[in-house]
Amino acid sequence: MDLLHSVGVQATCYLQESLMDFRDWFLFISAAADLRTTFFVFFPICFHLKESVGIRLIWVAVIGDWLNLVFKWILFGQRPYWWVHETDFYGNAPPPVIQQFPITCETGPGSPSGHAMGSSGVYYVLVTALLSQLSALQPNTLIARTYMDKEKRCTGMVVAEVFVRVRFIYNTSLWHYVGTTLFLFGFALGFYLLLKMLGVDLLWTLEKAHKWCERPEWVHIDTTPFASLLRNLGILFGLGVGLHSPLYAGSCKGKQGRRWTFRLSCIVVSLLILHLFDTFELPTDRERLFYALTFCKSTCAHICAVALIPGGISWLLRQAEKKDL
C-alpha cells in the first residue's frame, strides 16, 4: 500500500508543479463534483424540469455516499496530506512537499474517493437523462445512441439495471422514506458502535486532520463522516415529506406544473433559497447538536424546494390570473 500511496503523492506533486496556473479550474471541478453542489444546485434544476430525474438524483447520491462511508470505514484509506508525514517509505530522504488547500483538510478517510464515487453516479444520472431527451427529440442521433449503448455495456449490471428495476422510488410512500432514513442511519451507527466495542476507532482520521492540516481553520466539523451522513439523510427525508405534501400535489401535479413560467420560477427561487440554507452556519461548539441541526436544516431546505416554493409560486400565479380576469 505504501507504494500505491507514493504513486498518488508523486502524481499530486506533478500536477501541482506543472499545472498550478490551472489551480482555480481544478478547485472549481472539485466543487462541482462535491455532493453539496448536487443537492443545492443540480437537484432543484433537475426536479423542476423533470421530477423523475431529480428524485433519481437524490436517491443515487444519498445511497452512493452512504456506501462510500461504509467502504471508507472498512478500508481505512489514508490521505496523502498526512500519510507523507507519517510513513517510513522515504527513509532518511525528505518527503515530497504537497501544497494544501481548504478542501483538502477533510476529516474522513481518503479511500475510496467520495468525489470520484459520488460524482460518477450523479453525472451518470445527468448525462443519461440528457441523452434520453436528445434521443427522443432526434431518434437517429448517432452520438446519443452510441453513448447510450456504451453506457449499457459498461454499467448495465451496476447502475442501469438497478434503476430499471427499482421503480418504487418514484411513487413510494412517506413511510418508506422514513424507514429508509432510519435503516441507513441505524446501520451506520450500529456498525460504528460495534467496531468501537471491538477496539476499532472509526474516527481516527479526525486527529490526523487536526495534526497535519496546514491551517486549523480549514478543518471543519461538516466534513466529518456523521455530519455528511445526517446531511444526506435529512435531504432524503425532506424529499419524501415534500413529495407527499398537499402543496406539492396542488402545484407541481396541477395545471401550473405544465407551464414553463411556473417551472422556471421554481428553479430560480429554489436556487436562491437553497443557497441561503447552504450558507447558514450552524453552531459548532456542541458536536451532537450540530449533527441534529444539520439533519433539520437539510430536511427543511428540501421541503422548501419540493413543496413550499412551488406551492407559493402557484398561489401567486393564480392570484395574478384572477386579477387579469
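This is a short walk through the nonpolar core and the salt bridges of the structure above. The model is predicted, so local features need pLDDT of at least 70 and side-chain atom pairs count only at pLDDT 80 or more, while totals for chains, interfaces and linings use all residues. Residues are numbered from 1 along each chain as its sequence is written, and side-chain values use heavy atoms, leaving out hydrogens and water.

Let's begin inside. The largest nonpolar core (buried Ala, Val, Leu, Ile, Met, Phe, Trp, Tyr and Cys residues joined through side-chain atoms within 4.5 Å; buried means under 20% relative accessible area, exposed over 50%, partly exposed in between, with a 1.4 Å probe and protein chains only) has 58 residues, and F39, F43 and W73 are among those with the most contacts inside it. Helices (DSSP runs of H or I, at least four residues, numbered from the N terminus) that each supply at least two residues include α3 (35-49), α4 (51-75) and α10 (225-243). The most comes from α4, with 12 residues.

Now for the charged pairs. The structure holds three salt bridges (a side-chain nitrogen of Lys or Arg within 4 Å of a carboxyl oxygen of Asp or Glu). R36 joins D222 and D278 in a network. The closest N and O atoms are 3.4 Å apart for D222 and R36, and 2.7 Å apart for D278 and R36. D278 lies in helix α12 and R36 in helix α3, so this pair ties together parts 242 residues apart in sequence. R36 is partly exposed, at 27% relative accessible area.

Elsewhere, E51 bridges to K253 at 3.3 Å between the closest N and O atoms. Here E51 is buried at 14%, whereas K253 is exposed at 54%.
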